[in-house]
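Trainee: Could you take me slowly through one part of this model, namely the strands and what surrounds them? I would like a connected account that I can follow residue by residue.

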Amino acid sequence: HGYETTLDMGQADLVLLNTCHIREKASEKVFSELGRLKELQSERRALGGDMMIGVAGCVAQAEGEEIARRAPVVDMVFGPQAYHRLPDMLARAEGQRHMHPSLRRAVIDTDFPEEDKFEHLPQAKKEVTIKRGLTAFLTVQEGCDKFCSFCVVPYTRGAEVSRPVSQVIAEARNLVEAGVKEITLLGQNVNAYHGLDAAGRSVGLGELAYLLAEISGLERLRYTTSHPLDMDDALMAAHRDLDILMPYLHLPVQSGSDRILKAMNRRHTAAQYMAVIERIKTARPDMALSGDFIVGFPGETDQDFEDTLKIIADVGYASAYSFKYSTRPGTPGASLGEQVDEAVKSERLYRLQELVNAQTTAFHASCVGKT
């Protein structure tokens with residue numbers, strides 16, 4: 001549509017903020033950045049130019065109307081499922097350029113459309129891919145149906161949707177032809193992948209891995225992020241059989257306490273998680289594991305936290321992401337009582353990270369001398 005990238009934001013005719021709602025204070029950071037952009041926009045207008053501003057992503061999805069109300073400087077607000085409609089939104093916003101700034105209204109698109117946005121997005125181009133190197137991300141699944149009580153993803157990304165098998169294979173082939181050697185399959189809940197093949201049959205992530213392994217020139221395959229409930233036999237078998245599938249699995253558990261897991265609506269117990277870990281280690285003995293942990297979830301006792309330390313000790317992680325619990329507006333966890341004191345959260349997080357760091361160091365040491 002005639003736009004070119006500029007590294008100088010002050011020279012930009014269009015600035016897009018792509019946002020994530022997972023971390024704390026995400027929306028506050030957006031409004032802070034919009035304040036800075038407002039100054040740049042004013043400078044552009046004083047010189048006879050203009051700057052259009054769009055807010056995209058999950059903060060836009062969750063707080064579209066609020067962004068438009070609090071930040072009149074914004075021309076467009078659109079969620080992750082509407083990226084392919086950006087040219088249309090831009091045309092509508094540009095149509096308001098002749099209007100006085102006080103009369104402009106942001107174009108808002110936070111619907112969950114029926115059409116497949118990937119069908120409308122441009123395919124990977126050889127010359128573009130080569131510039132970014134040997135690795136690439138390939139989205140195969142979006143959304144989540146799990147509704148963990150701490151998580152905003154089902155509300156910002158919608159229900160689980162998987163791309164058709166043929167679409168995934170075609171994009172993977174394009175990437176490999178462009179020089180990519182390693183592909184990471186992405187999804188908010190990637191191992192819940194259930195794309196349809198040409199016969200209309202539902203294909204899981206394990207079977208998809210076998211199909212991708214047939215692509216000549218593809219040397220490594222990864223995927224993230226997974227849920228324990230969706231580690232099925234076919235995916236375990238793929239790890240056993242396919243050298244192309246890297247021996248690494250990010251499998252969040254969040255807590256080692258069954259009581260807290262139930263409050264989180266994780267829908268599995270600590271023992272069930274450990275059973276999955278044992279099965280995956282049987283299928284692939286050299287599997288490196290990473291996880292996510294939330295400390296200080298509402299109602300978490302000292303014993304609950306000790307249970308979390310125990311599951312970490314039992315699994316032996318190569319790495320992990322860990323955070324103090326913080327509320328997300330609109331999630332069930334936001335209304336739970338018994339909030340844990342911040343000082344207690346900090347102390348628990350320190351102890352947890354000390355344990356994980358020791359395991360990470362041990363994992364690194366185990367790699368010495370290996371290729």
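Mentor: What follows is a walk through two sheets, the aromatic pairs and the pocket beside them, and a few backbone details. Please keep in mind throughout that this is a predicted model.

Let us start with the sheet that holds strands S12, S13 and S14, which lie in that order in an open sheet with parallel pairing. Its edges are formed by S12, residues 248-250, and by S14, residues 319-324, each of which pairs on one side only. On average, neighbouring strands of this sheet are turned by 10° against each other, if direction is ignored. Strand S13 covers residues 288-295, and its parallel pairing with S14 runs over six bridges. As a point of reference when you look at these two strands, Ser290 stands opposite Ser319 in S14.

Aromatic side chains give a second way to read this region. A search of the whole structure finds three aromatic pairs. One of them is made by Phe293 and Tyr317, whose rings are 5.4 Å apart from centre to centre with 85° between their planes, an edge-to-face arrangement. This pair links distant parts of the chain, since Phe293 belongs to strand S13 while Tyr317 lies in the loop between helix H12 (302-315) and S14, 24 residues apart. Phe293 and Tyr317 are both buried. Another pair is that of Phe297 and Tyr325, with ring centres 5.0 Å apart; because planes over 60 degrees apart count as edge-to-face, the 70° between these two planes places the pair in that class. Here too distant parts of the chain are linked, with Phe297 in the loop between S13 and H12, and Tyr325 in the loop between S14 and helix H13 (342-367), 28 residues apart. Both members of this pair, Phe297 and Tyr325, are buried as well.

Strand S13 and helix H13 also take us to a pocket. The second largest pocket has a volume of about 530 Å³. It is lined by 21 residues, of which Pro247, Asp286, Ala288, Phe363 and Cys367 are the closest to its centre. Strand S11 (220-224), S13 and H13 each contribute at least two residues to this lining, and H13 gives the most, with four residues.

Strand S11 in turn leads to another open sheet of three strands, in the order S5-S8-S11 and again with parallel pairing. In this sheet S5 and S11 stand at the edges with a single partner strand each, so one side of each is left without a neighbour in the sheet. Neighbouring strands are turned here by 25° against each other on average, direction ignored. S5 (residues 135-139) shows a clear alternation of its side chains: Ala136 and Leu138 point to one face and are buried, whereas Thr135, Phe137 and Thr139 point to the other face and are not buried. In a regular strand the side chains alternate between the two faces of the sheet. The parallel pairing of S5 with strand S8 (residues 182-186) extends over five bridges, and within it Thr139 has Leu186 of S8 as its bridge partner. On the other side, S8 and S11 are joined in the parallel sense over five bridges, with Leu221 in S11 as the bridge partner of Ile183.

Several backbone details deserve a careful look. Thr224 and Thr225 are joined by a cis peptide bond, with omega about 5°, and Thr225 is placed in the loop between S11 and helix H9 (233-241). Gln254, in the loop between S12 and helix H10 (258-263), has a positive phi of about 75° although it is not a glycine. Buried means under 20% relative accessible area, and Gln254, at 7%, is therefore buried. Arg267, in the loop between H10 and helix H11 (270-283), likewise is not a glycine but has a positive phi, of about 70°. Its surroundings can be judged from its relative accessible area of 47%, by which Arg267 is partly exposed.

One further contact involves a charge and a ring: the charged end of Arg70 sits over the ring of Phe31, 3.7 Å from the centre of that ring.

Note on methods:
Residues numbered from 1 in each chain as written. Predicted model: local features only at pLDDT ≥ 70, side-chain atom pairs only at ≥ 80, totals over all residues. Heavy atoms only, no water. Pairing = 2+ DSSP bridges. Axes fitted to C-alpha atoms, helices over the stretch in contact; angles between N-to-C directions. Phe/Tyr/Trp six-rings, centres within 6.5 Å; stacked < 30°, edge-to-face > 60°. Buried < 20%, exposed > 50% of the residue type's maximum accessible area, 1.4 Å probe, protein only. Lys NZ or Arg CZ within 6 Å of the ring centre and 35° of its normal. 1 Å grid on protein atoms, 1.4 Å probe; cavity = no way out; pocket = protein on both sides within 12 Å on 5 of 7 lines; lining within 4 Å. Points joined across faces, edges and corners; volume = space filled by probe spheres on them.
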